[in-house]
Amino acid sequence: MIKNKTLYSSIIVIIIWYLLYLFIDIKVIPSPIETITEFFELLKADLLKHLAYSIFRIFLALIISLTLGISLGIFLGLNRKYDEIISPIIYLLYPIPKISFLPVLMVIFGLGNLSKIILITLIILFQILVTTKDSIKELKKEHFYSINSMGANNIQIYKHLIIPAILPKLLTALRISIATSIAVLFFAENFATTYGIGYFIMDSWIRVNYPQMFSGILAISLLGLFIYKSIDLIENKYCKWITLEKNNRYFT
Amino acid sequence: MINVDNLKIKYNDYTAIKDINLKLNKNETCSIIGPSGCGKSTLLYSLAGILKPSEGTIKINNSYVKSNRKKTGLILQNYGLFPWKTVWENVILGLKLRKVNKKEIEIKATSILKKLNIIRLRDKYPSQLSGGQSQRVAIARTLTTEPDLLLMDEPFSSLDALTREDIQRFLLEIYNENNLTICLVTHNIEEAVFLGRKIYIMSYKGSIKKIIKNPHFGDLSLRQRKDFHSMCNDIRMILKEGDTND
Ligand SMILES: Nc1ncnc2c1ncn2[C@@H]1O[C@H](COP(=O)(O)OP(=O)(O)O)[C@@H](O)[C@H]1O
Ligand SMILES: [Mg+2]
């Protein structure tokens, strides 16, 4: 029905923003036009650098947690013995808001990048680990029997069975955990750093520069949007079958 | 072709099947029938080399079955198709795993899909198929690797009566064309009689209660004959006997 959903929703959001600007006449909400002009001005200055710092932290955390989370998740999913020993511990730690460990991490790993990256890694890692393990456990023994009866070796079993089976839920887990980690990063970047989009926003706020603050908000929103769209792209390419199964549902 | 001697299979401490002796010549068919939970699938998986004997031996063409055998095709209870692969990708999987070259894969798979009348489904996913269509795809996938032995686990149980009879007839045709040996597990008496030259009846305790030879096997119009129904009745009686005796 609506062809370009992103364009459509961006327009609606900007209209609402504009209405708020008109009717709530306080300085903390600058006009969209002013903000967007400011945004492009700042990009030429150092906004891009702030953004790059944040992206660097998130992507490094992402790579570490994907590597660790997927391999450990597959291992536990396939080895019931170890799973019974390790999973209770994981489930106990899973619901703890990892951000509360920030002070501890800062004492151990220093105030710099490392503690921030480890914090985000912890958030994404748990999500990936638990999802990977659960999707493997949902696999039917018929799937393994059927690929084994065709004489598949281990690499082929991963390629044709395990990886495709975990991918859809993995992407969902990524969506959720990346949203959380952007929020957490925003908070963590207020400590002991002068670079990062979180720092940029809070710094503009303290200096009562609202258009600049909103440019920062715009930048962090675009970052989130970009990551979500990338995940969508992967999903459309590799998980078409899931979309089809969704179409079979009653509420589409 | 198949020679099973005194086979016993255990899951941990639980003995699922025992004292199984089974012989099947090349180009013969047998059906294995028995109440649900009696160990039919277990027996079939062991023939496929997926489950290892706890006691006894399984030989196919005079060599022991240790793991999967290249020329054995296995069709599972709920088809074992991968939901993330299209019909085409599912069907060529066996060839791909064997590193057959692309051109050959294309030719072989296309001809089999055409023969099974499912070529127009090639880009669909399993969730978009009906039961009968999925079943054909599962058969196609197995046939691409040109098996000489076909093991089937209740392949038609979820189909409606008409589709089932259709595919059963179709299976007989494939059997005749390809010199196959077929071993079929079922809990449907008519299916056992229609598709088995030998019928192994299992007791719920996991052993073979009786072996029946089926002289009418291969007759496509078997269902219309009186003998067919009397044979079905005999088997029904034997299956029931167990309930009262044990
Ligand atoms: N993986 C397993 N672990 C333990 N017991 C099993 C397993 N698979 C099957 N069984 C048991 O073995 C018996 C035979 O199972 P199965 O061969 O699937 O029977 P059928 O196919 O005749 O319905 C059943 O009692 C079942 O509960
Ligand atoms: Mg079974």
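**A mixed sheet and a ligand shell in chain B**

In the predicted model, Ile32(B) has Tyr200(B) as its bridge partner in strand 9 of chain B. This pair belongs to the contact between strand 3 (residues 29-33) and strand 9 of chain B, which run parallel and are joined by four bridges. Both strands are part of an open sheet of six strands in chain B, whose order is 6-7-8-3-9-10 and whose pairing is mixed. The sheet is bounded by strand 6 (72-75) and strand 10 (208-213) of chain B, each of which pairs on one side only. On average, neighbouring strands of this sheet are turned by 15 degrees against each other, direction ignored.

The sheet can be followed from the edge formed by strand 6. Strand 6 of chain B pairs in the parallel sense with strand 7 (residues 149-153) of chain B over four bridges. Within this pairing, Thr72(B) is matched with Leu149(B), its bridge partner in strand 7. Strand 7 of chain B is in turn joined to strand 8 of chain B by five bridges, and these two strands run parallel. Here the bridge partner of Leu150(B) is Ile182(B) of strand 8. Strand 8 of chain B also pairs with strand 3 of chain B, again in the parallel sense and over five bridges. In that pairing, Cys30(B) has Cys183(B) of strand 8 as its bridge partner.

Burial was examined for strands 8 and 9. In a regular strand, the side chains alternate between the two faces of the sheet. In strand 8 (residues 181-186) of chain B, Thr181(B), Cys183(B) and Val185(B) point one way, whereas Ile182(B), Leu184(B) and Thr186(B) point the other way, and all are buried. Because six of the six residues of strand 8 are buried, this strand is largely enclosed by the rest of the structure. Strand 9 (residues 198-202) of chain B is likewise largely enclosed by the rest of the structure, because five of its five residues are buried. Lys198(B), Tyr200(B) and Met202(B) lie on one side of strand 9 and Ile199(B) and Ile201(B) on the other; with all of them buried, both faces of the strand are covered.

At the other edge of the sheet, strand 9 and strand 10 of chain B run antiparallel and are joined by five bridges. Ile201(B) finds its bridge partner of strand 10 in Lys210(B). The two strands form a hairpin with five residues between them, in which Gly206(B) takes a positive phi near 90 degrees.

The surroundings of ligand 1 were also examined. The ligand is surrounded by residues of chain B, namely Tyr11(B), Tyr14(B), Ala16(B), Ser36(B), Gly37(B), Cys38(B), Gly39(B), Lys40(B), Ser41(B) and Thr42(B). By class, this shell has four nonpolar, five polar and one charged residues. Backbone atoms approach oxygen atoms of the ligand at several positions. A polar backbone atom of Gly37(B) is 2.7 Å from an oxygen atom of ligand 1, while a backbone N or O atom of Gly39(B) lies 3.0 Å from an oxygen atom of the ligand. For Lys40(B), the corresponding distance from a backbone N or O atom to an oxygen atom of ligand 1 is 2.9 Å. Of the 560 Å² of accessible area that ligand 1 has on its own, the protein covers 63%. Strand 2 (14-24) and helix 1 (40-47) of chain B are the elements that give two or more residues to the shell. Helix 1 of chain B provides the largest share, three residues.

How values were computed: Residues are numbered from 1 along each chain as its sequence is written. Chains are lettered from A and ligands numbered from 1 in the order in which they are written. This is a predicted model: local features need pLDDT of at least 70, side-chain atom pairs count only at pLDDT 80 or more; totals for chains, interfaces and linings use all residues. Side-chain values use heavy atoms; hydrogens and water are left out. A residue is near a molecule or strand if one of its heavy atoms lies within 4 Å of it. A polar contact is a pair of N or O atoms within 3.5 Å; within protein, one must be able to donate a hydrogen and the other to accept it, and residues adjacent in sequence count only if both atoms are side-chain atoms. Accessible areas come from the Shrake-Rupley method with a 1.4 Å probe; for residues, only the protein chains shown count as cover. Ala, Val, Leu, Ile, Met, Phe, Trp, Tyr, Cys and Pro count as nonpolar, Asp, Glu, Lys and Arg as charged, and the others, Gly among them, as polar. Two strands pair if DSSP finds at least two bridges between them. Axes are lines fitted to C-alpha atoms, for helices over the stretch in contact, and angles run from 0 to 180 degrees between N-to-C directions. Buried means under 20% relative accessible area, exposed over 50%, partly exposed in between (1.4 Å probe, protein chains only).
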